[in-house]
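Thanks for making the time this morning. I would like to go through one model with you, and I will keep to what can be read from its coordinates.

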Amino acid sequence: MRRLLPFLVPLALAACSQNPPAQGAGAVDKADAGEAPLAGLWKTTTTVNGRKALGENQTCMAADAPGTGAPEGEAAAAGCTTTSRQARAGGYSYEMVCEQDGVRSVVSGEVRRAARRTTATSTTRMFGPDGKEAAPAATVVVESTFAGPCPAGMKPGDFVQQGVG
């Protein structure tokens, strides 16, 4: 499990993209969220350290969906606390610390959002109970692009994962 943690944390964060932003100090302000994503079909690819991971997924998004492919729910990840968040042009950057089973992970990332494209980049560094780096840093890039209207039979919230298995 510990060998997988540097990959699972950022991927879990990407999976949190459907969660509404947390309220309070770590909340995403509309001013730093970039343009609102378009309703319709979004195609998302994920790379870990430059290599494709998970295959492509397709998600049908509603007009009022909170985000596309970006870790807006990062503070909601188990054992994680957002330590900083700063507005950037078209998005925001953040850092969070996650602690579980004596392993401490530090995740720093940036989210860039436009109406037709969202890119979330995060780098995770893991440290063991002794404070020494426990694994090489892992960089995850999640890119989502607007593909057009949702196909017939696919409704908002429907998700199709391709290339897994």
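Let me begin at Phe 127, which stands opposite Glu 133 in strand β7, and let me say at once that the model in front of you is a predicted one. That pair belongs to the pairing of β6, residues 117–127, with β7, two strands that run antiparallel and are joined by 10 bridges. The hairpin that these two strands make has five residues between the strands, and in it Gly 131 takes a positive phi near 85°.

Strand β7, which spans residues 133–148, also pairs with β1, residues 40–48, again in the antiparallel sense, and here the pairing runs over eight bridges. If you want a single position to look at on that side, take Thr 45, whose bridge partner in β7 is Glu 143.

Stepping back to the whole chain, we have one helix and eight strands, and read along the sequence the pattern is α-β-β-β-β-β-β-β-β. Of the 165 residues, 41% are buried, while the accessible surface comes to about 8,700 Å², with 54% of that area belonging to carbon and sulfur atoms. As for how the contacts are spread along the sequence, if we take those between residues at least 6 apart, 55% of them join residues at least 24 apart.

Now to the cysteines. How many disulfides does a search of the whole structure find? The search finds two, and with the bonded cysteines counted along the chain they follow the pattern 1-4, 2-3.

One of them is formed by Cys 60 and Cys 150, with their sulfur atoms 2.0 Å apart. Cys 60 lies in strand β2, residues 51–61, and Cys 150 in the loop between β7 and β8, so this pair ties together parts that are 90 residues apart in sequence. The torsion about the S-S bond is about 105°, and the disulfide is therefore right-handed. As to the surroundings of the two residues, Cys 60 is buried, with a relative accessible area of 2%, whereas Cys 150 counts as partly exposed at 22% relative accessibility, and it may help to recall that the cut-off for buried is under 20%.

The other disulfide joins Cys 80 to Cys 98, with an S to S distance of 2.0 Å. Here Cys 80 lies in strand β3 and Cys 98 in strand β4, residues 91–100, so the pair ties together parts that are 18 residues apart in sequence. Its S-S torsion is about 105°, so this disulfide, too, is right-handed. Both Cys 80 and Cys 98 are buried.

I will finish with one residue of strand β3, namely Thr 83, which has its place within residues 80–88. Is Thr 83 buried, exposed or partly exposed? Thr 83 counts as partly exposed, because its relative accessibility is 46% and the class of exposed begins only over 50%. Leaving aside its neighbours within four places in sequence, Thr 83 is in contact with Glu 95, Met 96 and Val 97. Further along the chain, Val 107 is 24 residues away from Thr 83, and the C-alpha atoms of these two are separated by 9.8 Å.

Terms used
Residues are numbered from 1 along each chain as its sequence is written. This is a predicted model: local features need pLDDT of at least 70, side-chain atom pairs count only at pLDDT 80 or more; totals for chains, interfaces and linings use all residues. Side-chain values use heavy atoms; hydrogens and water are left out. Helices (H or I, at least four residues) and strands (E, at least two) are DSSP runs, numbered from the N terminus. Buried means under 20% relative accessible area, exposed over 50%, partly exposed in between (1.4 Å probe, protein chains only). Contact means heavy atoms within 4.5 Å. Two strands pair if DSSP finds at least two bridges between them. Accessible areas come from the Shrake-Rupley method with a 1.4 Å probe; for residues, only the protein chains shown count as cover. A disulfide is a pair of cysteine sulfur atoms within 2.5 Å.
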